[in-house]
Amino acid sequence: TTLDAHNLYAILRDHFDVPRIEALFTAERARWPELDRWFSEGFVSTYTVADLMAYPEGSLGRVFGAYLSDNSYQIDIVPRFEPRNQFEYFSLRSGQTHDLEHIVCGGGFDIIGELVPYFARLSNLPRFLDAELVGLINPGQVLGALRLVSRFGLHYHQSFPMVLKAMRCGMDVGEQSGPFFMARYEDVFHLPLAEARTALGVVGAVDLDSRAASLVWPEYQ
């Protein structure tokens, strides 16, 4: 299922209207100093799993590090690269923070848990960015989320109530929180999860356990 998402983004890469996205991001930066500052700083993560495991038990950094270490995962969903424009930086940073959004938004690292950060973003970005811009940068989020919703609804309906709950949990966070797509999670790795959420402006998160409901997919059995 993770490979599905990688394939989806590879297909979409050739269809994004990058010149229009760049123009709209530039206009948004002129309107919103915080966004302009975020792009100007261009912060990119450089930490390692060992760095994360050095944080205290129960901290955001340690929770993330234990997930990576226990599963022998690499930190980066996609290899790091040097962004050439605003959209590439937005995409790079979104990839770097995706797993952290799982944790702070309350979605587990199972397939239904994916819906929590998906719907948190889908309901958060439109509150802060121009509607046309969101529509141009969000196809991967929309199609990525709805492929899961439709598959559960059509083929594994016994788990569909949990799917709806995950969607609602994500939307609750997205509708109440600040613009967490710009959050620098690295600054709060040392804090316990609840305190990290407060510092990041993440509101309404509930830790949803959807592991059992996700097991209906043959890939998880």
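Pro126 is found in helix 7, which spans residues 115–128. The model is predicted. At 46% relative accessibility, Pro126 counts as partly exposed, because this value falls between the limits of 20% for buried and 50% for exposed. Leaving aside residues up to four places away in sequence, Pro126 touches Arg121 and Val134. A second proline, Pro179, lies 53 residues from Pro126 along the chain. The C-alpha atoms of Pro126 and Pro179 are separated by 9.9 Å.

Helix 7 belongs to a protein chain with 12 helices and zero strands. Read from the N terminus, the order of elements is α-α-α-α-α-α-α-α-α-α-α-α. The chain has 221 residues, and a compact globule of that length would have a radius of gyration near 17 Å. The protein chain has 17 Å, which agrees. Along the principal axes, the C-alpha atoms fill a box of roughly 45 × 40 × 30 Å. Of the 221 residues, 48% count as buried. Contacts between residues with a separation of 6 or more were also examined, and residues 24 or more positions apart account for 74% of them.

The surface and the charges were considered next. The protein chain exposes about 10,700 Å². Carbon and sulfur atoms supply 57% of that area. The chain carries 18 positive and 28 negative side chains. The centres of these two sets lie 2 Å apart.

Two helices show how burial is arranged around an axis. Helix 3 covers residues 33–41, and its residues Leu35, Trp38 and Phe39 are buried. These residues cover an arc of only 95 degrees around the axis, which puts them on the same side of helix 3. An α-helix has 3.6 residues a turn, so residues three or four places apart point the same way. The face of helix 3 turned away from the buried side carries the exposed residues Pro33 and Ser40. The buried residues of helix 3 pack against helix 2 (18–31) and helix 6 (86–105). Gly42 follows helix 3, and its phi is positive, near 55 degrees.

Helix 11 runs over residues 193–200. Its buried residues are Leu193, Ala196, Arg197 and Leu200. They cover an arc of only 100 degrees around the axis, which puts them on the same side of helix 11. The charged residue type in this set is Arg197, with Arg counted as positive. Ala194 and Thr198 are exposed on the other side of helix 11. The cover over the buried residues of helix 11 includes helix 5 (60–70) and helix 6. Helix 6 also packs against the buried residues of helix 3. Just after helix 11, Gly201 takes a positive phi of about 75 degrees.

A positive phi also occurs outside glycine. Phi of Ser72 is near 55 degrees, a positive value in a residue other than glycine. Most residues other than glycine have a negative phi. Ser72 is found in the loop between helix 5 and helix 6. At 63% relative accessibility, Ser72 counts as exposed, because the value is over 50%.

Notes:
Residues numbered from 1 in each chain as written. Predicted model: local features only at pLDDT ≥ 70, side-chain atom pairs only at ≥ 80, totals over all residues. Heavy atoms only, no water. Helix = DSSP H or I, 4+ residues; strand = E, 2+ residues; numbered from the N terminus. Rg over C-alpha atoms; globule rule 2.2 N^0.38 Å. Buried < 20%, exposed > 50% of the residue type's maximum accessible area, 1.4 Å probe, protein only. Contact = heavy atoms within 4.5 Å. Areas by Shrake-Rupley, 256 points an atom, 1.4 Å probe, with all protein chains shown as cover. Charge placed at Lys NZ, Arg CZ, Asp CG, Glu CD. Arc of directions from axis to C-beta.
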